[in-house]
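Here are some notes on the model, set out as numbered points. They are meant to be read with the sequence and the structure side by side.

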Amino acid sequence: MESVLDAVSAFWDYLASVDRVALALAIGCHLAKTVCASRAWRNVLVSAYPDTRVRWLPLYAAYVAGVGVNAIFPARMGDVVRLTMAHRAIKGSTYTTLVSSSLVLAIVDALCVIALFSWALTQGILPSLDVLPYLPSFDFAWFLRHETIAEVALLVLVFGVIALAVWIRANVAEFRQRVRQAFSVVRTPARWLRSVVAWQLAEWALRLATVWFMLGAFRIEQSAHNVLLVQAAESLATVVPISPGGIGTQQALLVYTLRGSASRSALLAFSVGIKLTLTCVNVIVGFAAILLTLQTFRFPRASDPEASADTS
């Protein structure tokens with residue numbers, strides 16, 4: 001936490017020299033990215049529910065609401081908000097199918113992340129397992145330095161997965177049908193490529209464009225190498241975030257991987273600046289979406305059956 005606070009202090013000291021035009025372009029690319037991601041998700045659900053009207057705008061609101069909540073709360077709590085609002089927006093939808101729709105989107109995302117990490121490993125720029133536990137503000141440092149507790153936590157996770165598998169086996173017929181429903185679009189490859197993959201690739205291009213302009217805003221060398229480094233750090237930080245938005249892990253990885261590209265103070269400012277800027281945008285847009293959709297910030301209203309009926 002102390003390292004994160006030091007980085008925040010460096011960010012405020014550096015703020016006057018930030019290129020505001022580049023910053024505005026980065027924010028614009030980031031917002032366009034959310035549109036592409038929500039369009040891909042909506043098209044998966046259109047195929048899953050062909051007899052139901054699946055409107056894009058409520059799903060966009062659900063998507064940005066989830067992103068906004070994830071930005072300030074750890075452990076992917078925003079995903080619960082996203083799925084609940086989507087369930088509210090699509091008449092007759094089930095949570096099993098909605099959750100499985102994320103697995104459809106994960107196909108392209110996983111391939112992109114694997115390609116990104118494979119490139120990063122060939123460059124020898126990611127910190128080794130010997131270095132990770134001692135990186136300042138790294139979210140998992142405490143666990144890596146306390147192997148016994150980490151092993152117990154892993155054991156609990158394994159038992160949780162086993163319990164989930166037992167539940168699935170007991171409900172296997174219904175579960176399979178609902179999962180297959182989510183993967184309907186994949187069974188028509190041309191439609192999947194056109195209506196889902198194309199939007200996802202556009203989203204990834206905008207992710208990289210956002211990083212490019214953020215590097216320019218903080219006057220750090222804009223290069224394909226640095227863009228990919230930043231995206232690799234961000235992807236790793238958001239896998240299982242402990243701190244809100246994975247800010248601790250992202251800050252630690254950015255300062256480590258970009259060392260030599262700029263001064264330490266500039267890297268500290270950038271590591272916080274990119275996260276703080278995009279977090280503010282996500283929170284503003286996300287909570288505005290919740291307020292406009294639900295007319296309240298009281299989350300239980302999102303799953304109110306009567307409220308769902310009014311907006312279906």
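1. The model is a predicted one, and its interior is a convenient place to begin. The count of cavities of 30 Å³ or more comes to 2; the largest has a volume of about 60 Å³, while about 40 Å³ of space lies in the second largest.

2. The largest cavity is lined by His30, Lys33, Arg207, Thr210, Val211, Gln231, Glu234, Ile274 and Leu278. Helices α2 (20-48), α9 (189-217), α10 (224-237) and α12 (264-294) each supply at least two residues of this lining, and it is α9 that gives the most, with 3 residues. In character the lining of the largest cavity is evenly divided, with 3 nonpolar, 3 polar and 3 charged residues.

3. Around the second largest cavity one finds His30, Leu31, Thr34, Val64, Val67, Val281, Asn282 and Val285. Here α2, α3 (56-72) and α12 each supply at least two residues of the lining, which divides into 5 nonpolar and 3 polar residues, with no charged residue. His30 deserves a second look, since this residue appears in the lining of the largest cavity and also in that of the second largest.

4. Which residue forms a salt bridge with Arg207? The partner is Glu203, and the closest N and O atoms of the two side chains are 2.9 Å apart. Because Arg207 and Glu203 are 4 residues apart in helix α9, they are separated by about one helical turn. The count of salt bridges in the model comes to 1, and Arg207, one of its two partners, is also among the residues that line the largest cavity.

5. Aromatic contacts can be taken next: a search of the whole structure finds 2 aromatic pairs. One of them is formed by Trp56 and Tyr60, a tilted pair with 5.2 Å from centre to centre and 35 degrees between the planes. Trp56 and Tyr60 both lie in helix α3, 4 residues apart, or about one turn of the helix; α3 is also one of the helices that supply at least two residues to the lining of the second largest cavity.

6. On the outside of the model, Leu155, Val158, Phe159 and Ile162 make a nonpolar surface patch of about 380 Å². Leu155, one of the residues of this patch, lies in helix α7, which runs over residues 147-170.

Key:
Residues numbered from 1 in each chain as written. Predicted model: local features only at pLDDT ≥ 70, side-chain atom pairs only at ≥ 80, totals over all residues. Heavy atoms only, no water. Patch = residues over 30% accessible without salt bridge, like charges linked within 9 Å, V, L, I, M, F, W, Y side chains within 5 Å. Areas by Shrake-Rupley, 256 points an atom, 1.4 Å probe, with all protein chains shown as cover. Salt bridge = Lys/Arg side-chain N within 4 Å of Asp/Glu carboxyl O. 1 Å grid on protein atoms, 1.4 Å probe; cavity = no way out; pocket = protein on both sides within 12 Å on 5 of 7 lines; lining within 4 Å. Points joined across faces, edges and corners; volume = space filled by probe spheres on them. Nonpolar A, V, L, I, M, F, W, Y, C, P; charged D, E, K, R; others polar. Phe/Tyr/Trp six-rings, centres within 6.5 Å; stacked < 30°, edge-to-face > 60°.
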